[in-house]
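Hi,

Here's the structure I said I'd pass on to you. Have a look at it first, and then read on for what turned up.

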Amino acid sequence: MSSDKSVLVIGAGIFGLTAALELQQRGYQVTVADPGPVPHPLAASNDVSRMVRMDYGADELYSTLGADAIEGWHRWNARWGRDLYHEDGFLLMSSVPMAAGSFEQESYSLLSGRGFPLEKLSPGDLPRRYPHWNPDHYIDGYFNPRAGWAEAGEVTATLAKDAAEAGVSIVTGFPAASLLQNANQVTGAVASDGTELRAEWVVVTAGVWTPVLLPDLADRMWPVGQPIFYFKPEDPDAYRAPSFPPWGADIPRSGWYGFPANDESVVKMANHGPGRRVHADAERVILPEQEALCRNFLAQSLPSMASLPFHGTKMCLYCDTWDGDFWIGRDPDRQGLVVATGGSGHAFKFAPVLGRLTADSLEGIENAYSERFAWRALGEIKSEDIRYTGE
């Protein structure tokens, strides 16, 4: 690998693979290093599903990025010749009337104002169109047909294949332990077994392991565990769109969201709440009280699933930034270092546009998102809503 246009990407998740593809297309020689396998079984990018939506309250920046990403998902489906993004829509329900200033109303107003054909729920719509939900509890909301879900693990595996075919070198068996540095210039990384990889640029996309590799960032990002639950109903077709699309139920107040049954008849639901801080290498198990919360939610909201046994559970680790915004920027103090991480539980949906943001950062190109996602000190939280919106 020649040194003049070489890039070493640390981490083969959604940030790393999209950055690698974009940089390779811009003429760099890119190596991606990861402990492997890819997709990594513990990576946040690797699961059966991830939400894809542009509903972000009054946050125009993420809403615009979401709309751009959805166009990108359709391009990827066409390029791949198979649909790994399923545009089943997004059902957002509320147990209280949608009011000015609420996440639901702000999302509805912003997207409707931009011309998207959102369908406001009227009395009787829930039992008629979405019969699994408790209409006595959910009295308001809307359906957005321009949204859906992505097969996360399959997408990650396909992007890895695309990257390899584009000329990216993917090195597995490389758990990065530290960065190599000459004065204030970052020159590569060293694995736990002493193996070294060098490049002119190093892009750290290590997710929850980022503050382990870069401890000076540990005051601004950290791993947070969130519970995921899987079910396998006997009649999976009853839990697919259009009667059971991707959904959010009282998201700002409860944190619950979920997905239709996939090809393996698995229905997934999860909670995006405060979570609990854990170490990146913590055992990925959920607590009994989290299972109880899930059961209580189902009894109140989705009674047809309330008695289903768990098909599986796990703790998903987010790399949360202190303000909930992504972290895509150059290190102001170390030359040759870019960090792209801080998904905060909502990055995967933006996969088709993430690579461009990371490559722009490396090249010093300003875009509409540069300032919001830049390397930054602790300060006032700018985007409070997004920490309640889940994937």
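Below are my notes, going from a small sheet to the cores, the aromatic pairs and the salt bridges.

One thing before you start: this is a predicted model, so please read everything here in that light.

**A three-stranded sheet**

Let's begin with a sheet that's easy to pick out. Strands E10, E11 and E12 line up in that order to make an open sheet, with antiparallel pairing. E10 (176–182) and E12 (196–198) are the edge strands, each pairing on one side only. From one strand to the next, the twist averages 30°.

E10 and E11 are paired antiparallel over six bridges. If you want one to click on, Gln 181 has Val 186 in E11 as its bridge partner. The hairpin made by E10 and E11 has two residues between the strands, and Ala 183 there takes a positive phi near 55°.

On the other side, E11 (residues 185–191) is joined to E12 by three bridges, again antiparallel. Here Val 190 has Glu 196 in E12 as its bridge partner. Glu 196 turns up a second time, since Arg 198 forms a salt bridge with it, with 3.0 Å between the closest N and O atoms. Are these two buried or exposed? Arg 198 has a relative accessible area of 48%, so it is partly exposed. Glu 196 is partly exposed too, at 42% relative accessibility.

**The cores**

The largest nonpolar core has 69 residues. Val 7, Val 30, Trp 73, Val 155, Phe 350 and Phe 373 are the ones with the most contacts inside it. Helix H2 (residues 60–80) gives this core its largest share, nine residues.

Phe 373 is a good place to zoom in. What does it touch, leaving aside its neighbours within four places in sequence? The list runs to Leu 61, Tyr 62, Leu 65, Asp 325, Phe 326, Trp 327, Ile 328, Gly 329 and Leu 357.

Apart from that core lies another, of 55 residues, which includes Trp 133, Leu 217, Met 221 and Met 305.

**Aromatic pairs**

There are 27 aromatic pairs in the structure. One of them is Trp 133 with Phe 297, an edge-to-face pair at 6.5 Å centre to centre and 65° between the planes. Why is this pair worth a look? Trp 133 sits in the loop between helix H4 (125–129) and E7, while Phe 297 is in helix H8 (residues 288–301), so the pair ties together parts 164 residues apart in sequence. Trp 133 and Phe 297 are both buried.

Phe 326 and Phe 350 make another edge-to-face pair, with 5.6 Å centre to centre and 70° between the planes. Phe 326 belongs to the loop between strand E19 (312–321) and strand E20 (327–330), and Phe 350 to the loop between strand E21 (337–341) and helix H9 (351–363), so this pair ties together parts 24 residues apart in sequence. Phe 326 and Phe 350 are buried as well.

You'll also find Trp 133 and Phe 297 in one aromatic cluster, along with Tyr 138, Phe 229, Phe 231, Tyr 239, Phe 244, Trp 247, Trp 256 and Phe 310.

**Salt bridges**

The structure holds 24 salt bridges. Arg 146 and Glu 87 meet in one of them, at 3.4 Å from N to O. This pair links distant parts of the chain, 59 residues apart: Arg 146 is in the loop between strand E7 (140–144) and strand E8 (148–150), and Glu 87 in the loop between strand E4 (85–86) and strand E5 (90–94). Arg 146 is partly exposed at 26% relative accessibility, and Glu 87 is partly exposed at 30%.

Next, Arg 253 forms a salt bridge with Glu 104, where the closest N and O atoms are 2.7 Å apart. Arg 253 lies in helix H7 (residues 251–254) and Glu 104 in helix H3 (residues 103–113), so the pair ties together parts 149 residues apart in sequence. How exposed or buried is each partner? Arg 253 is partly exposed, with a relative accessible area of 43%, whereas Glu 104 is buried at 1% relative accessibility.

Cheers

How values were computed: Residues numbered from 1 in each chain as written. Predicted model: local features only at pLDDT ≥ 70, side-chain atom pairs only at ≥ 80, totals over all residues. Heavy atoms only, no water. Pairing = 2+ DSSP bridges. Helix = DSSP H or I, 4+ residues; strand = E, 2+ residues; numbered from the N terminus. Axes fitted to C-alpha atoms, helices over the stretch in contact; angles between N-to-C directions. Core = buried A, V, L, I, M, F, W, Y, C linked by side-chain atoms within 4.5 Å. Buried < 20%, exposed > 50% of the residue type's maximum accessible area, 1.4 Å probe, protein only. Contact = heavy atoms within 4.5 Å. Salt bridge = Lys/Arg side-chain N within 4 Å of Asp/Glu carboxyl O. Phe/Tyr/Trp six-rings, centres within 6.5 Å; stacked < 30°, edge-to-face > 60°.
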